[in-house]
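Me: Could you give me a close look at one strand and the sheet around it, and then walk me outward through the rest of the fold? I'd like one connected account.

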Amino acid sequence: MESSSLKIFVALSLRMGVAYLLMVMVVILLFSWWVMPCLAYRKLKSNGFSGPKPSFPLGNLNDMKKMKMTNISSTSSSSSSLSISNDIHSTAFPYFARWQKLHGKVFVYWLGTEPFLYIAEPEFLKKMSAEIRGKSWGKPNVFKHDREPMFGQGLLMVEGEDWVRHRHVITPAFSPANLKAMGSLMVDSAKNMLDRWTGLINSGQPEIDVEREIISTAGEIIAKTSFGVSYENGRKVLEKLREMQITLFKSNRHVGVPFGKFLNPKQNLKAKTLGKEVDELLRSIITERREKPRTGNKPEQDLLGLLLADNTVDGRKKRALTTKELVDECKTFFFGGHETTALALTWTLLLLGLHPEWQEELREEIKHVVGDGEIVDATMLVGLKKMEWVMNEVLRLYPPAPNVQRQARQDIQVDNLVIPNGTNMWIDVVSMHHDENLWGKDVNEFKPERFKDNIHGGCNHKMGFLPFGFGGRMCVGKNLTNMEYKIVLTLILSRFSFSLSPNYCHAPSILLSLRPMHGLPLIFKPIK
Ligand code: HEM
């Protein structure tokens with residue numbers, strides 16, 4: 001009798017325990033997905049920020065999806081090579097274009113239960129970022145799960161003192177001396193690509209999808225220059241990263257939605273598996289380099305060599321990167337180091353295909369600065385000023401990194417408004433680059449000369465042109481991009497003239513970066 005009542009007592013206690021635990025879990029979930037977002041909403045509202053009305057639990061995701069779908073169906077029929085417009089904001093981001101009309105250039109919208117402060121106003125951005133140092137900025141926690149397989153805790157995502165440590169280790173890899181040494185490897189890879197193009201043209205195939213070609217050459221360049229590995233070894237990493245990019249960013253994602261990751265279980269599993277495979281490949285590249293005998297006492301000066309070396313920050317020896325940190329940095333650089341530069345070149349070829357007069361201008365400049373000879377030394381490319389105007393104008397109209405994201409790690413005062421600690425921010429670079437109030441009536445025209453004698457391109461606000469980000473977290477690879485861009489474009493323009501194929505369909509779209517959805521077919525003619 002005694003033992004049976006003990007059993008009943010234990011069973012009852014267990015049930016009550018489970019019920020209690022469930023209740024606590026429900027309260028925690030309700031608190032973090034309902035109460036906290038509502039409090040954040042009220043706080044932002046009381047601070048004067050308005051925006052589209054969210055619904056629980058999707059926030060504004062449904063509205064965004066609907067506007068995107070309506071936009072795709074209304075533009076797909078009209079998109080032909082004759083109707084190419086550089087006015088891309090309302091097609092790439094129809095929801096932001098619409099909400100701007102209703103709520104201005106700073107407002108709050110919701111991804112699931114996460115509020116985002118949308119910013120397309122350079123003066124607001126200037127005031128907001130004036131007091132915040134690089135290490136004090138956060139990156140939205142809500143994106144971290146999504147981006148973990150691609151970037152891990154690499155430089156793009158890391159925060160605080162760890163960011164300082166990583167940035168100090170990495171910056172020397174992009175010193176002028178190191179960049180100069182990378183120049184000849186870039187020339188070799190670009191020439192291989194152009195020899196392939198010549199072969200295709202000679203065999204009667206003058207139409208080439210340059211997006212695919214340039215992405216693969218830029219991948220080869222980053223594999224050789226930053227990691228000292230052959231394209232074959234780098235290719236596996238790049239292919240898997242690319243597959244992961246498509247898996248993670250092409251489908252309907254449920255960012256910020258409670259249990260959102262369980263809504264796409266197949267994709268999440270695939271991304272996780274690919275992430276593990278990439279980590280394994282990179283670990284073997286790292287191990288191989290660790291075991292490779294050094295030439296002399298100095299570590300190799302490419303990115304991987306510097307990441308592996310012990311390092312000193314502000315005169316003090318700092319902890320070297322752990323293997324996990326190394327793998328994450330390698331992923332970040334393998335991906336970030338080729339895709340953005342390749343897209344800058346791709347969009348340039350589109351605009352030059354549409355503007356043969358600028359092809360001629362640049363050819364003249366190349367003749368003057370480089371002569372008819374080879375690029376023997378990349379430093380000679382510094383004199384290509386018009387090419388720099390063209391690059392800036394392309395990055396303005398088609399910024400490969402179309403937005404910058406932040407999360408406040410402290411309350412931030414902007415005039416009489418307070419952005420509460422924890423607020424996510426979405427800085428719309430495409431919008432600012434296409435804002436008539438900042439650039440004038442000809443904002444959507446391709447006019448490289450606006451950058452002549454003016455590094456801001458005549459924009460009436462210094463923070464209205466942000467292709468490489470801003471402040472302490474500005475792009476670390478800017479100079480590498482500059483050099484690679486000039487080398488590849490110089491070689492292309494010296495060997496070919498080109499025009500747009502009638503098969504091109506103009507559909508700039510976002511897959512993390514801004515890319516031509518259907519590639520970029522061009523028709524080539526050799527010029528010597
Ligand atoms: C046209 C080419 C490029 C564009 C448009 C571009 C754009 C950007 C932008 C907008 C940011 C700021 C992101 C933020 O603040 O959240 C950034 C950061 C970064 N970029 Fe680039 N990038 C380019 C080329 C490169 C290259 C070639 C590399 C590497 C070799 C690279 C590596 C990085 C890294 C690691 C960061 C993070 C820096 C930090 O947070 O300290 N980028 N880039």
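**The strand β6 and its surroundings**

Reply: Happy to start with a pair of residues: Val404 sits opposite Ile427, which belongs to β9. Another bridge partner in β9 is Met425, which faces Arg406. Before going on, please note that this is a predicted model, in which local features need pLDDT of at least 70 and side-chain atom pairs count only at pLDDT 80 or more, while totals for chains, interfaces and linings use all residues. Residues are numbered from 1 along each chain as its sequence is written.

Strands here are DSSP runs of E with at least two residues, and helices are runs of H or I with at least four, both numbered from the N terminus. Two strands pair if DSSP finds at least two bridges between them. β6 and β9 (residues 424-428) are antiparallel and joined by 5 bridges. Of the 5 residues in β6, 4 are buried (20 or more other C-beta atoms within 10 Å of the residue's own; exposed means 12 or fewer, partly exposed in between, with C-beta atoms placed from the backbone). As a general point, side chains in a regular strand alternate between the two faces of the sheet.

Stepping back, the sheet is open and has 4 strands in the order β1-β2-β9-β6, with mixed pairing. At its edges lie β1 (106-111) and β6 (403-407), each paired on one side only. On average, neighbouring strands in this sheet are turned by 30 degrees against each other, direction ignored. Axes are lines fitted to C-alpha atoms, for helices over the stretch in contact, and angles run from 0 to 180 degrees between N-to-C directions.

There is another open sheet, of 3 strands, in the order β3-β13-β10 with antiparallel pairing. Its edge strands, each pairing on one side only, are β3 (207-209) and β10 (496-500). Here the average turn between neighbours is 40 degrees, direction ignored. β10 pairs with β13 (residues 521-526) over 5 bridges, and Phe496 has Pro526 as its bridge partner in β13. Helix α8 (residues 176-202) lies across β3 and β13, at about 85 degrees to β13; contact means C-beta atoms, placed from the backbone, within 7 Å.

Now to the ligand. Among the 22 residues around it, Gly337, Thr340, Gly469, Cys475 and Gly477 come nearest, where a residue is near if its C-beta atom, placed from the backbone, lies within 6 Å. Two elements, α13 (323-354) and α18 (478-495), give two or more residues to this shell. The top contributor is α13, with 7 residues. The shell has 12 nonpolar, 8 polar and 2 charged residues, counting Ala, Val, Leu, Ile, Met, Phe, Trp, Tyr, Cys and Pro as nonpolar, Asp, Glu, Lys and Arg as charged, and the others, Gly among them, as polar.

Two more helical spots are worth your time. Helices α14 (residues 356-370) and α15 (residues 385-397) pack at about 145 degrees, with axes 8 Å apart. From α14, Trp358, Glu361, Leu362 and Glu365 make the contact, and from α15, Lys386, Met387 and Val390. That contact has 4 nonpolar, no polar and 3 charged residues. In helix α4 (residues 94-103), Pro94, Tyr95, Phe96, Trp99 and Gln100 are buried. Gly104 follows α4 and has a positive phi, near 85 degrees.

Conventions. Two residues are in contact if their C-beta atoms, placed from the backbone, lie within 7 Å.
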